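Trainee: Got a minute? I'd like to walk through this structure with you.
Mentor: Sure, put it up.

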Amino acid sequence: MIIVLGSVNLDISFTVSRLPGPGETVLAKSYLTSPGGKGANQACAAAKAGAQTAFFGKVGQDSFASTALAGMADAGVDLHGVSAAKAGTGCATIAVDAQAENAIVVGSAANLEVTHDQVPDELLSEPSMLLLQMEIPYGENWRIIERARQKGCKVLLNVAPYGDVPRTALEGVDILIVNETEARQLAGSKTVNLESLARELSERHNLTTVMTLGSAGVLSTGPAGLLRVPTHAVEAVDTTGAGDTFCGCLAAAMDQGEDLPAALAFANAGAALACTRAGAQTAQPNRSEILSLLSD
């Protein structure tokens, strides 16, 4: 079972010819409202990929809440761990340009009220996997990592959006998921070679480092050695949420007993498919679609 403690937002997306500069207004023909938030995106991706998934977070007592939760509900995510906050539901505005690049502004709101004790101890058992991101108060992540470590629950931490992670928290992480920029910030290193950078993080903190490299695929170092997974050639429409899809699919594949090389390949295929559609959760593939791409 996959336990996700994290953020949930209502996304408002705009397709534009180019991203606006400072002080500039760019007109869009229309907009799309859809469920989002890194925690919710990853939970939804894991469930669509076939894993039993439970989400813990907070939403406001407003009209945004039901839409923000709809994607996870449709995917079969257990939402009993979602509670009401004093603040409004989190909201994100996303602009996507003609090259499928995006710019995002997030109003955290209810996500800042999420606490680690929303997750009961009995769920942090050894067969479960805890999947975390960085859109809730950092201290709540560090506290639940400590609890998970005491219970023997495997921890996957996606350091996105980037924030400093204390060494004591990293000691409780099994799989660290970062992009190149996040890896450099976390390591405090100017190492040019990406393999050396990933290995530095793995050896320093005794964990597996998974580094996503966009069109260059995925690089991983750790107890399983050095692994590289190439990207899939797809026509990108919108890269929003592709990283979240990768994280959810990786957790799902591992939860279903796949070894790390197979899980990385599965997650990489899921992320590639997510780039071929608009939106975050709305773009995520199901398990059969991912397996079909892998077989091709």
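Mentor: One term before we start: buried means under 20% relative accessible area, exposed means over 50%, and partly exposed lies in between, with a 1.4 Å probe and protein chains only. This is a predicted model, so local features need pLDDT of at least 70 and side-chain atom pairs count only at pLDDT 80 or more, while totals for chains, interfaces and linings use all residues. Residues are numbered from 1 along each chain as its sequence is written, and side-chain values use heavy atoms, with hydrogens and water left out.

Trainee: Okay, cysteine 44: buried or exposed?
Mentor: Cysteine 44 counts as buried, because its relative accessibility is 1%.

Trainee: And how far is its sulfur from the closest cysteine sulfur?
Mentor: It is 10 Å from the sulfur of cysteine 249, too far for a bond. A disulfide here is a pair of cysteine sulfur atoms within 2.5 Å.

Trainee: What about cysteine 247?
Mentor: Its closest cysteine sulfur is in cysteine 249, 9.5 Å away, again too far for a bond. Cysteine 247 is buried, at 1% relative accessibility.

Trainee: So how many disulfides does the count come to?
Mentor: The count is 0.

Trainee: Switching to the sheet. What order do the strands take?
Mentor: The order is 3-2-6-7, in an open sheet of 4 strands with mixed pairing. Strands (E, at least two residues) and helices (H or I, at least four) are DSSP runs, numbered from the N terminus. Two strands pair if DSSP finds at least two bridges between them.

Trainee: Which strands stand at the edges?
Mentor: Strand 3 (31–36) and strand 7 (102–107). Each has a single partner strand, so one side of each is left without a neighbour in the sheet. The twist averages 20 degrees from one strand to the next. Angles run from 0 to 180 degrees between N-to-C directions, and axes are lines fitted to C-alpha atoms, for helices over the stretch in contact.

Trainee: How many bridges join strand 2 to strand 6?
Mentor: There are 7, between residues 9–15 and residues 90–96, and the two strands run parallel. Isoleucine 12 in that pairing faces threonine 93 of strand 6.

Trainee: Which helix packs on the sheet?
Mentor: Helix 2 (residues 64–75) does, touching strand 2, strand 3 and strand 6. Its direction makes about 80 degrees with that of strand 2. Contact means heavy atoms within 4.5 Å.

Trainee: Back to strand 3. What does serine 34 contact?
Mentor: Serine 34 is in strand 3. Leaving aside neighbours within four places in sequence, it contacts Asn9, Leu10, Asp11 and Thr282. Serine 34 is buried, at 2% relative accessibility.

Trainee: New topic: the largest nonpolar core. Which residues touch the most other members?
Mentor: Met72, Phe246, Leu250 and Leu264, out of 45 residues. A nonpolar core is a set of buried Ala, Val, Leu, Ile, Met, Phe, Trp, Tyr and Cys residues joined through side-chain atoms within 4.5 Å. A second, separate core has 36 residues, including Met134 and Val178.

Trainee: Last one. How do helix 7 and helix 8 cross?
Mentor: The axes of helix 7 (residues 242–255) and helix 8 (residues 260–274) come within 8 Å and cross at roughly 150 degrees. Phe246 and Leu250 are among the helix 7 residues that meet helix 8, where the partners include Leu264 and Ala267.
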